[in-house]
Amino acid sequence: MSRRVEAWLRGPVEGVPPHLMPVAHALMHAVEDTRAAAAALNAAQLWQRPAGAASVGFHLRHTAGALDRLLTYARGEALSEAQLAALKVEGEPGDPAADAAHLLAALDAAVARALTQLRETPAGLLLEPREVGAKKLPSTVIGLLFHAAEHAQRHAGQVVATAKFLSG
């Protein structure tokens, strides 16, 4: 069986500045692990909450949504009404329940937008202060970009573990 080479070992991501390459690699790795774990789950499995844990569907939707929100803050913008509304329903399957293809496509699109933003982020901007959330908690551009990547990694791990449990 052939193992794929992890994103960080495949070399530079075209157009991403070297100082942001670890963010790009972590996001790519997270989406690849998530896709491999969740693609074969049916809608019922995606929204199952084993032992009360968050569903795989939640983790997929939340990862895409959180990435979008964190990148919004990194740009120095406030969240839109649409982003706030989406946040409120991340754990809801919908009617009919969202399937893996739909959720993974949304995650792929969020990562693609993130990679575009990384390509467009000048090094001189990285230490600029940014405010997060309604409480306007302090961060920086680099802090938000790094957190976006490590947050995606954490949820990818949850997807992998939960999907393994659900798949038996």
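The chat below walks through salt bridges, helix H3, a pocket, a cavity and a surface patch in a predicted model.

Visitor: How many salt bridges are there here?

Guide: The count comes to eight salt bridges, and one of them joins the side chains of Arg4 and Glu32, with N to O at 3.0 Å. That pair links distant parts of the chain, since Arg4 sits in the segment before H1 and Glu32 in helix H1, 28 residues apart.

Visitor: Is Arg4 buried or exposed, and what about Glu32?

Guide: Arg4 counts as partly exposed, because its relative accessibility is 41%, and Glu32 is also partly exposed, with a relative accessible area of 23%. For reference, a residue is called buried when its relative accessible area is under 20% and exposed when it is over 50%.

Visitor: Which residues are linked with Arg4 in a network?

Guide: The network of salt bridges links Arg4, Arg10, Glu32 and Asp33.

Visitor: What does Glu90 pair with?

Guide: Glu90 forms a salt bridge with Arg69, and the closest N and O atoms are 2.9 Å apart. Glu90 lies in the loop between H4 and H5 while Arg69 belongs to helix H3, so the pair ties together parts that are 21 residues apart in sequence.

Visitor: How accessible is Glu90, and how accessible is Arg69?

Guide: Glu90 counts as buried at 4% relative accessibility, and Arg69 is buried as well, with a relative accessible area of 9%.

Visitor: And Glu128, which residue does that one bridge to?

Guide: Glu128 forms a salt bridge with Arg130, where the closest N and O atoms are 3.3 Å apart. Within this pair, Glu128 is partly exposed, with a relative accessible area of 33%, whereas Arg130 is buried, with a relative accessible area of 14%.

Visitor: Back to H3: what span should its 19 residues have, and what do the end C-alpha atoms give?

Guide: Helix H3 covers residues 56–74, and at 1.5 Å a residue its 19 residues should span 27 Å, which agrees with its end C-alpha atoms being 27 Å apart. The helix is mostly covered, with 16 of its 19 residues buried, and H3 is followed by Gly76, whose phi is positive, near 85 degrees.

Visitor: Switching to open space, how much lies in the second largest pocket?

Guide: About 260 Å³ of space lies in the second largest pocket. Its lining has 16 residues, of which Arg61, Ala64, Gly65, Ala86 and Ala106 are the closest to its centre. The elements that give two or more residues to this lining are H3, helix H4 (81–88) and helix H5 (100–119), and the largest share, six residues, comes from H5.

Visitor: What about enclosed space, how many cavities of 30 Å³ or more?

Guide: The count is one cavity of 30 Å³ or more, and about 40 Å³ of space lies in the largest cavity. Its lining residues include Leu27, Thr34, Thr63, Val111 and Ala156. H1, H5 and helix H6 (141–167) are the elements that give two or more residues to that lining, and H1 gives the most, with four residues.

Visitor: Last one: which residues form the nonpolar patch on the surface?

Guide: Val5, Trp8 and Leu9 form the patch, with about 330 Å² of accessible area together. Val5 is placed in the segment before helix H1 (21–38), and Val5 is partly exposed, with a relative accessible area of 45%.

Methods. Residues numbered from 1 in each chain as written. Predicted model: local features only at pLDDT ≥ 70, side-chain atom pairs only at ≥ 80, totals over all residues. Heavy atoms only, no water. Patch = residues over 30% accessible without salt bridge, like charges linked within 9 Å, V, L, I, M, F, W, Y side chains within 5 Å. Areas by Shrake-Rupley, 256 points an atom, 1.4 Å probe, with all protein chains shown as cover. Salt bridge = Lys/Arg side-chain N within 4 Å of Asp/Glu carboxyl O. Buried < 20%, exposed > 50% of the residue type's maximum accessible area, 1.4 Å probe, protein only. Expected span 1.5 Å × (residues − 1). 1 Å grid on protein atoms, 1.4 Å probe; cavity = no way out; pocket = protein on both sides within 12 Å on 5 of 7 lines; lining within 4 Å. Points joined across faces, edges and corners; volume = space filled by probe spheres on them.
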